[in-house]
Amino acid sequence: MLALGLFLSIHASNALPSQDMAIHIVTAEQGHLRQLQRDEAELLFLGRRTTAADGTPVILIDLPAGPIRDRFYLLLTGKNPQQTRAYWSRQVFTGRARPPLEAHSIEQAIEWLLQTPGTVAYLPASNGDARLRVLMRLQ
Amino acid sequence: MIRQLSLLSAIVLGSMTTPALGQQASPWQLSGFGTLGMVATSQSDIRFARIGVDRPGSETPDFGPDTVLGIQANISLSPQTSAVLQLVSRERPANGYLPHPSLAFVSYTPSPDLSIRLGRLRVPFFMHSDSLDINYALPWIRPPVEVYGLNPFSDLDGIDVLYRTRIGSTDLEFHPYAGRSAIPIYKNGRGRLDRLLGFNVSIMTDRLTLFVGHATSPLTLHWGDPDFDRLVSILPPELNRELSGGRGHASFSSAGFQWDDGSWQLTGEYARRVNRRYANSAHGWHLTVAHRVDALTPYLTLARQTEDRPIAHYDFPTTLPGQLQRHAFEQFLISRNVAQRSITVGIRWDIQRNIAIKTEYTHTKTLHDSWGSYFPRGDVLANAPIDRSINMLGLSVDVTF
């Protein structure tokens, strides 16, 4: 059962998103982060900044490699998967930035968000959760 | 994408609980990159060499110029302070594949816009200097040697400052640096930049990156091969002082651009080095166009390096010994001139996330007074790679992990 559940969660997070699928950048409802500008989100997910506008450190979470992650980076940064991977390999191996932590499923990303307020992730808009605050909608 | 190796343990099926974020947010992060690459030239009496980077190989195909393995540890010391250690193993002019610390620095970030880094850094002479060994991040098997061969120094032992700011949707980065740098030179030589000062500016938008940089330093350079030792034994001492020693001075400038709209990529760079003595002055440029079609990216590169000034001038006497000296000196100047022009067609195949296969074919023309990026096998004079048309085939597999 555990293996089946893990398979389904991985499968769900890699399901092909539709062309117009909306993605939300989210944080825990109880966290201190109330808003995020688009520029700010782009700088954070490109590794050019590690703190929110008020100087508080932000922990970022990536979904597993797959179509949802690809669509998120395309919507936020305009970079396709190859550009994103090349960009991040430069950032990491020049010591300029560390990539977001990778959750192995949407469920794990939500769990981490709730465990550590101030953590930021992105989820398909269809994965709404009252315990999460939507900081930005990308479509 | 590069991830914590420790994450592997988190997805083991036998685990009954989901690891907490705290367990994942380790202060340590290990990652790596590598290339298995080979090149073969169409002419058996010469071999391809990246001057100052690898040892001229004797085997065909040659795995030396492009094969590399790098392991990196990132360590968070505090919210503002981190450290990076990167070990790279690749064929070097003198040390075989002995791992070499290519990064070993502490970074302090007092504000989101500002980082100060101290230790072993990459010296950022070129637009792509940061990622010279990270071939996965580059469109080619290797950056065009006509430009990137102009300056083989890669380490900076010193300090740099990265100041970034955003104006509208344009990012600006100011990057001053200072320190020293050294390289081994085939076979037993050594080059050193003792008081290196440089300043770069980068401008980045969603699609366009512009780069301009300038650096200057006193230069110490000792050639260390038997042919050079024989040469200086017959040349006048006042000329020898212009060929090798500790009183050189070098300056280096580069300007580049990259346009990438996700489908088309256009990259170009111009670089120039000016030496007072010990090495020649030269400039080079390249222009690359690439087009992504799903996982395939074919590309075309035109490149050229031109000598501006030879290492030294000398008026030899017209006597027989003087003419023999002049001939030997001219052969030396030719061997240190890597001017050439080339056209490369290649294709990159992103076969999986984090794995790219590349193959490229290069047609190179050396000049009547240059060896280009080639080295003769056996008899140096008889097989000197002057005035040649050379075809070269490269194949590589790049990974990040």
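Of the 401 residues in chain B, 53% are buried, where buried means under 20% relative accessible area with a 1.4 Å probe and only protein chains counted. Keep in mind that this is a predicted model, in which local features need pLDDT of at least 70, side-chain atom pairs count only at pLDDT 80 or more, and totals for chains, interfaces and linings use all residues. Side-chain values use heavy atoms, without hydrogens or water.

What's left on the outside? The accessible surface of chain B is about 17000 Å² (Shrake-Rupley, 1.4 Å probe), and carbon and sulfur atoms own 63% of that surface.

On overall shape, chain B has a radius of gyration of 23 Å, which agrees with the value near 21 Å for a compact globule of 401 residues; the radius is taken over C-alpha atoms, and the globule rule is 2.2 Å times the number of residues to the power 0.38. Along the principal axes, the C-alpha atoms of chain B fill a box of roughly 85 × 40 × 40 Å.

How is the chain wired up inside? Take the contacts in chain B (heavy atoms within 4.5 Å) with a separation of 6 or more: 63% of them come from residues 24 or more positions apart.

Now for the partner. On the chain A side 45 residues are in contact with 61 residues of chain B. About 4300 Å² is buried between the two chains, with carbon and sulfur atoms giving 52%; this buried area is the accessible area (1.4 Å probe) lost on putting the two parts together, summed over both. Within chain A, A:Arg85, A:Phe93 and A:Arg98 lose the most area to chain B, together 20% of what that side buries.

Terms used:
Residues numbered from 1 in each chain as written. Chains lettered and ligands numbered in written order. Buried < 20%, exposed > 50% of the residue type's maximum accessible area, 1.4 Å probe, protein only.
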